[in-house]
Amino acid sequence: MSGAYDELLDATIQHLEGLKSRGIRHVAVSPDTLRALAQPAKFPISNFQPQIQPAAPAAAPKTFSIPQKSPSVPAPSAAPAEFSLALPGETAAVQLPPLDPQARAAAFIALRERALVCVKCPHLASSRKNVVFGVGNPDARLMFVGEAPGADEDEQGEPFVGRAGELLTKIIQATGLQRSDVYIANILKCRPDTPGQSAGNRKPTPDEMATCIPYLHEQIDLIRPGVLVALGATAVEGLLGKTVGITKLRGTWKTYRGIPLMPTYHPAYLLRNQAMSEKRKVWEDMLAVMEKLDMPISTKQRNYFLRS
């Protein structure tokens with residue numbers, strides 16, 4: 001019976017994915033079908049005919065994410081339910097089964113090993129010194145995402161170790177955490193190549209970010225942080241596909257893969273602009289992050305970078 005069940009589930013997922021590829025975002029499922037799915041099967045699964053009807057207006061629709069391949073089923077609802085089909089660039093929640101610590105540790109090791117030998121971008125693989133996978137606590141509640149390694153990171157194989165990294169460490173410590181308490185990663189795991197240049201950095205291309213970001217997705221799905229912080233406009237573009245200036249986006253909560261995301265300025269920006277007002281903006285973003293994580297905030301912390 002399990003084989004037939006898997007075949008039916010595969011066919012259903014393929015059908016939904018086909019609808020999604022054609023731009024259809026919602027499929028109505030009748031309450032009777034949901035109630036039937038919620039009941040233990042008392043008949044051969046091959047005789048079951050799902051009643052998938054054309055989408056129709058609903059007074060109180062309930063939205064479910066497209067399920068992963070799993071025997072679990074949605075709970076019955078009095079009103080027609082809808083399965084959300086997120087379009088490219090959207091950030092629907094990813095429902096994941098629980099992972100025990102040993103399985104997660106093994107998955108992290110396997111993921112790192114795959115990333116270290118990646119040659120999906122031959123021009124980056126040939127010019128890099130080290131793959132910059134990520135660093136920190138796999139149990140972190142707070143995860144920072146930057147854009148790509150620079151020269152210092154490429155040399156040492158660790159993200160945010162240059163001057164901008166030193167400032168990020170100070171920001172983390174100002175919240176009461178240590179660098180080892182959080183997790184830090186980048187959209188790109190390799191330093192963008194700079195042909196003909198002996199120094200300097202360049203912005204990752206959209207193709208490079210799209211090629212590399214599955215590694216970041218796996219990191220996020222294994223860590224499952226309570227909050228993500230996107231550092232700078234390029235990180236926001238890589239995560240959300242938004243090219244709006246970071247000045248307009250910072251300080252406003254977004255959602256990425258079902259996780260609250262706070263866009264803020266890259267530490268490198270604060271190195272270029274030492275104005276107290278700009279430092280305060282980043283700190284206000286971090287105060288919002290601390291509140292979201294239910295971290296204690298002292299009066300002293302609330303008053304950082306305020307003029308007396």
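**Reading the strands and helices around Phe144**

Me: Which residues does Phe144 touch, leaving out those up to four places away in sequence?

Reply: Phe144 touches Leu168, Ile172, Val182, Tyr183, Ile184, Ala185, Val229, Leu231 and Met286. Keep in mind that this is a predicted model.

Me: What should I make of so many nonpolar names?

Reply: Start with the general idea. In soluble globular proteins, nonpolar side chains tend to be buried together. Now the case here. The largest nonpolar core has 61 residues, and Leu142, Met143, Phe144, Leu216 and Leu239 touch the most other members. Helix 7 gives the most to this core, with eight residues.

Me: Phe144 is in strand 5. Which way do the residues of strand 5 point?

Reply: In a regular strand the side chains alternate between the two faces of the sheet. In strand 5, Leu142, Phe144 and Gly146 point one way, while Met143 and Val145 point the other way. Is one side open to solvent, or are both covered? Every one of these residues is buried. Strand 5 spans residues 142-146, and five of its five residues are buried.

Me: How do I find the partners of strand 5?

Reply: Follow the bridges. Strand 5 pairs with strand 7 (residues 227-231) in the parallel sense, over four bridges. Leu142 has Val227 as its bridge partner in strand 7. Strand 5 also pairs with strand 6 (residues 183-186), again parallel and over four bridges. There, Met143 is matched with Tyr183.

Me: Where does the pairing go after strand 7?

Reply: Strand 7 pairs with strand 9 in the parallel sense, over four bridges. Val229 has Met262 as its bridge partner in strand 9. Strand 9 covers residues 259-264, and five of its six residues are buried.

Me: Do strand 8 and strand 9 run parallel or antiparallel?

Reply: Antiparallel. Three bridges join strand 8 (residues 254-256) to strand 9. One pair is Thr255 with Pro260. The two strands form a hairpin with two residues between them, and Arg257 takes a positive phi near 55°.

Me: Now the helices. At what angle do helix 7 and helix 8 pack?

Reply: Compare the axis directions. Helix 7 (residues 206-223) and helix 8 (residues 233-240) pack at about 70°, with axes 10 Å apart. Angles of 65 to 115 degrees count as roughly perpendicular, so helix 7 is roughly perpendicular to helix 8.

Me: Which residues meet there?

Reply: From helix 7, Pro206, Met209, Ile213 and Leu216 meet Thr234, Glu237, Gly238 and Leu239 of helix 8. Sort these contact residues by type: five are nonpolar, two polar and one charged.

Definitions and conventions: Residues are numbered from 1 along each chain as its sequence is written. This is a predicted model: local features need pLDDT of at least 70, side-chain atom pairs count only at pLDDT 80 or more; totals for chains, interfaces and linings use all residues. Side-chain values use heavy atoms; hydrogens and water are left out. Axes are lines fitted to C-alpha atoms, for helices over the stretch in contact, and angles run from 0 to 180 degrees between N-to-C directions. Angles under 35 degrees count as roughly parallel, over 145 as roughly antiparallel, 65 to 115 as roughly perpendicular and the rest as oblique. Contact means heavy atoms within 4.5 Å. Ala, Val, Leu, Ile, Met, Phe, Trp, Tyr, Cys and Pro count as nonpolar, Asp, Glu, Lys and Arg as charged, and the others, Gly among them, as polar. Buried means under 20% relative accessible area, exposed over 50%, partly exposed in between (1.4 Å probe, protein chains only). Two strands pair if DSSP finds at least two bridges between them. A nonpolar core is a set of buried Ala, Val, Leu, Ile, Met, Phe, Trp, Tyr and Cys residues joined through side-chain atoms within 4.5 Å.
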